[in-house]
Amino acid sequence: MKRFRRHGNELHRERIKQDLFQFNKTVEHGFPHQPSALAYSPSLQLMAIGSRSGAFKIYGAPEVEIMALHDETAAVTQIHFLPEQGQLVTLLDDNSLHLWKLKKSSDGLSMLKRESHFELKGQPGAPPSVTTITVVLPHSSGDVLFLGTEGGCVFVVEQPSFREQEARTITHEAVLQNVPDDYRSRRSLGSVEALQENPRNPQQILVGYSRGLVILWDLQASQATHHFLGDQQLESVAWQRDGRQIISSHSDGSFHQWPVSNDRLPQPLEKTVPYGPYPCKAIPKITWLATKQRTPFIIFKGGMPRASYGDRHCVSVLHGSKQIAFDFTSRVIDFFVVDEGGSESDCDDPSALVVLAEEELVAIDLKTPSWPVIQSPYLIPLHCSAITCSHHVSNIPIKLWERIIAAGSKQMTHYSSKPWPIDGGYSTAPEPLQRDLLLTGHEDGTIRFWDASGVCLKPLYKLSTVNVFVTDADHNDNLNQPAEDEWPPLRKVGCFDPYSDDPRLGIQKIHLCKYSSHLAVAGTAGQVLVMELNDEAVDQTVVCTLVDILQDQDTFKWKGHERLNPHEDLVHFPAGFQPFALVQCQPPAVVTSLALHTEWKLVTFGTSHGFGLYDYQQKRSVMVRCTLHPSDQLALEGPLSRVKSIKKSLRQSFRRIRGTRVSGRKRTVPGNGAAKVQEANARLDREALNEMELAPVQRRIEARSADDSFTGFVRSLYFADSFVRDGSYHEPSLWAGTNGGTVFAYAIHVPPVERRMEEPVTASQAKEIQLMHRAPVIGIFILDGRGVLLPEPLEAAHDLSKSPDMHGNHMLLVISEEQFKMFTLPKISTKTKLKLTAMEGSRVRKVSVANFSSSRAEDYSENGLLVLTNLGDVQVISLPTLRNQVRYECIRKEDVSGIASCVFTKSGQGFYLISPSEFERFSVSPKWVVVPRCIIDIDEGLGTRTSQQKILQDGLVTKPNSRETVPSQQKYELSRQASAGSEGDGKKAVEIMEHALLNDERVLLEIQSTLESESASTDRLSFGHLNRNSKNVAGVQSQGQRMINGD
């Protein structure tokens, strides 16, 4: 029977869907994965960072960031800004050079465009090392590039045509003409290790060779005027600003100072081994800055004593008698110095040292005598400790926001008061219309609060749960503090710390109530902490309540880790969130689900063994329900010692094989013509299918056996004030869903406020639902009579949402991995359901209720389910009709960790990890798109600090870190122009990040364990690639939109 369709209504609905839904990957938050190159432009005040994936990004003032991606997947080994031109040259490890230029797009925003590329070709038959580029020097004239090679030659190519000037090549023969015979015969030149232009004479360049020889080459005369005969392997060279001296660093940890005088064969003025006399490691890079006080800054990388400190990653600063080795926890890639002296000044005026390490970027204030670290506004290493969970809360009240910032500011006192030194360009993005928080839980027991309102993810506050428990953290910290007279003078900098004192401290679930300022966090060892925000530091004990989830069942024995022991004495808690109640689950398994209701003063938690309800006002347990099935033996082994039974797996496999064979024999038609009968039946079936129009293909949902492991695993918990027992009386209730497809409903009696402390809270089971297909329950929601999700606790009380319709006809929505099913309340009868369609092996992984506003009609919006599947697809399903609206490919299906880390917001946005240190932000709503919108004006010199200050004085635009405001009319024009032309640039940005980490599979192991929890115990975590089927970025933020956590 064919269906009758209303084509007019369908076309109208399609137009509405285009206004409501649009997929965009918008911005990346965090630190780039595996950085490999660093560059800095003093004139433009811009910094560029390249990575092994072939992507690189330009950073300036906060929210000024532009990304580009090479077509090749080779790593970026070097980046160089061309002087005063707004151009860059990148060198890849496939020996190709690429020229990029900063240009304006059609809407006036800056973008990077590749102009040309070049590969250095050698003579026919020459080995590849002859033309393998080791050093690139852009000449200050902007006309040529000098390319040093492994073969020892220096080639000269024109810019931007990349045409080689063979007549100007610096060859071995020309270099060795005036070298003494004994030095010439003793060693070959080796590869070119350094190229440096004389800061006072652009016609002279230094050429350093790996075997120790350094020459001063005259470009006009095409000959070497000076030979500096080093006796150690050369690593790098640098000029003094006046051009009268040079400094060279060597493989034995020494540096030499040489005069540049009339003597063609000068001897070194001084040889220094800063960390001698014992053998030291090489100094790969050194910088020499002469100041007005005649006391130079000597800054170098490496050079530590090989035996005792050879594993340290250090950058040392020497200034007169003061010397500090800044110690990083990851390998140092490169560094540069921000010099405020100007190119025409006779002296250097270093203000900041910027160091790029493999896992973080650190800026050190050289103006302040103590050389403190400068707080970075971007490129924060999100993975200071491995991220284990995330939680998003939007539209934070201003009072709570200010209190969190105030608590965080007390933790920032050790930072320098200097502003961020890299401030090129300016942002034209509109100011965020609301305050959003992203909370990340970490392996070391900390929770970090981030400002997720705009393009930059800014750190606000760090909360630690370590001091609640008895650990060895304090003892280890004291051991790691160096003594005042220790040599070398190490100072630990940076916040990246991959090591955890105790894996049981890891945070697994977070729930923040923005109205009451209460926070609940749960960890790996079954600990649940309830906290409140306090503006003053306190000394207090934390009341601990033990909750036996197994309820003294002797048949089960816990084989996992032990629980954490809390401090019995007074504990000092600084200003911020302070714990006042602690629940310890027994057995101490990972907490897999958590819900907080601050109006009723209740918190509920679930593990792989069951769930419990706790009254944190009276500090007593209300109820406990064990959901453990007799076959769930693996749930008792814990995440740190789980070993799956091979014998059981083999037994289940053989059972499936036997079942398939038996069912196959039952379907066999007896007789000689069995095959012909089956073929005829199949043909008739195909003909019948062709004659009728089918509904969308729905995958058959297979019933699961109760013997499957982890059926008692609690996946979802939900508080609601609804009709649980009869249709005339609504009451507080708790709903819990398990891995075996069971839903428990408990009616809760909460005493009135005046008797809240005297009478106990009670809970009794009201209903139990068993899904026939026994699929894990991912989410539970209750809709009121209007089909609207019930408001959050205290949301209606603060007049931030409409009061729910409490006149009956509530609906219960149960979402399993396999299907969406709507039941009536209080009588549990199926009203409607939706199965996942046309998806082989598709299963729900994340789900949230979101509000989608129309991009055309300001007063029109719809609520819908935002769903992420194990295939990486994002779908929107309408409420309460449960109809599939749109489907987008978002995350690569092999990227299990990205799928597991995804968190939705209530406005249709989402975050997921694309690497251990980066969040990818995406949006399904065209009304809420957060994208970088920046301008770097090269033609008029607007990238320089002086000219930017002039722009601010003229009132054109305010830099993000300035307190001045933008004239509303001009800001509206900037926003309008930016919105009009964002389609093309958005597509380019999406394509860049989709390809950025394409070939790096080593990160699979790196983040495999960070996000693994009981809820995904059967999944192996991996990191995958970004999807190529993203739509264009369009639109800007609009007023009135709100986001809350969707998990």
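Reader: Let me start with one residue: is N95 buried or exposed?

Author: N95 is buried, with a relative accessible area of 16%. The word has fixed cut-offs: buried means under 20% relative accessible area, exposed means over 50%, and partly exposed lies in between (1.4 Å probe, protein chains only). Before we go on, note that this is a predicted model: local features need pLDDT of at least 70, side-chain atom pairs count only at pLDDT 80 or more, and totals for chains, interfaces and linings use all residues. Residues are numbered from 1 along each chain as its sequence is written, and side-chain values use heavy atoms, with hydrogens and water left out.

Reader: How many helices and strands does the protein have?

Author: There are 13 helices and 61 strands. Both are DSSP runs numbered from the N terminus: helices are H or I with at least four residues, strands are E with at least two. Of the 1047 residues in the protein, 56% are buried.

Reader: What is the phi of N95?

Author: Start with the general idea: most residues other than glycine have a negative phi, and most peptide bonds are trans. N95 has a positive phi, near 70°, and is found in the loop between strand 7 (87-92) and strand 8 (96-104). S222 is not a glycine either, and its phi is positive at about 55°. You'll find S222 in the loop between strand 15 (213-218) and strand 16 (223-229), where it counts as partly exposed at 42% relative accessibility.

Reader: And the peptide bonds: which residues does a cis bond join?

Author: One cis bond joins Q586 and P587, with omega about 0°. P587 sits in the loop between strand 41 and strand 42 (593-597). The bond from L825 to P826 is cis too, with omega near 0°, and P826 is in the loop between strand 52 (819-824) and strand 53 (830-835).

Reader: How do I read strand pairing, say for strand 35 and strand 36: how many bridges join them?

Author: Two strands pair if DSSP finds at least two bridges between them. Here six bridges join strand 35 to strand 36 (residues 518-523), and the two run antiparallel. Look for H511, which stands opposite A520 in strand 36. The two strands form a hairpin with four residues between them, and S517 in the turn has a positive phi of about 60°. Five of the seven residues of strand 35 (residues 507-513) are buried, so this strand is largely enclosed by the rest of the structure.

Reader: What about the rings? How many aromatic pairs are there?

Author: Rings of Phe, Tyr and Trp (its six-membered ring) pair if their centres lie within 6.5 Å; planes under 30 degrees apart count as stacked, over 60 as edge-to-face and the rest as tilted. That rule gives 25 aromatic pairs. One of them is F297 with W371, a tilted pair at 6.1 Å centre to centre with 45° between the planes. F297 lies in strand 22 (residues 297-301) and W371 in the loop between strand 27 (361-365) and strand 28 (373-374), so the pair ties together parts that are 74 residues apart in sequence. Both F297 and W371 are buried. Y461 and F577 also make a tilted pair, 6.2 Å centre to centre and 45° between the planes. Since Y461 lies in strand 33 (residues 458-464) and F577 in strand 41 (residues 576-586), this pair ties together parts 116 residues apart in sequence.

Reader: Which lysine lies over the face of W371?

Author: A charge sits over a ring if NZ of Lys or CZ of Arg is within 6 Å of the ring centre and within 35 degrees of the ring normal. K322 lies over the face of W371, at 3.9 Å from the ring centre. Likewise, K285 lies over the face of F335, at 4.8 Å.

Reader: One last residue: what does the side chain of H139 make a polar contact with?

Author: A polar contact is a pair of N or O atoms within 3.5 Å; within protein, one must be able to donate a hydrogen and the other to accept it, and residues adjacent in sequence count only if both atoms are side-chain atoms. The H139 side chain makes such a contact with the side chain of S141 (2.9 Å). A polar atom of the H139 side chain also lies 2.7 Å from the backbone oxygen of P202. H139 is in the loop between strand 10 (133-138) and strand 11 (144-149) and, at 6% relative accessibility, counts as buried. Contact in the wider sense means heavy atoms within 4.5 Å. Leaving aside neighbours within four places in sequence, H139 is in contact with P83, V144, F146, E197, P202 and L219.
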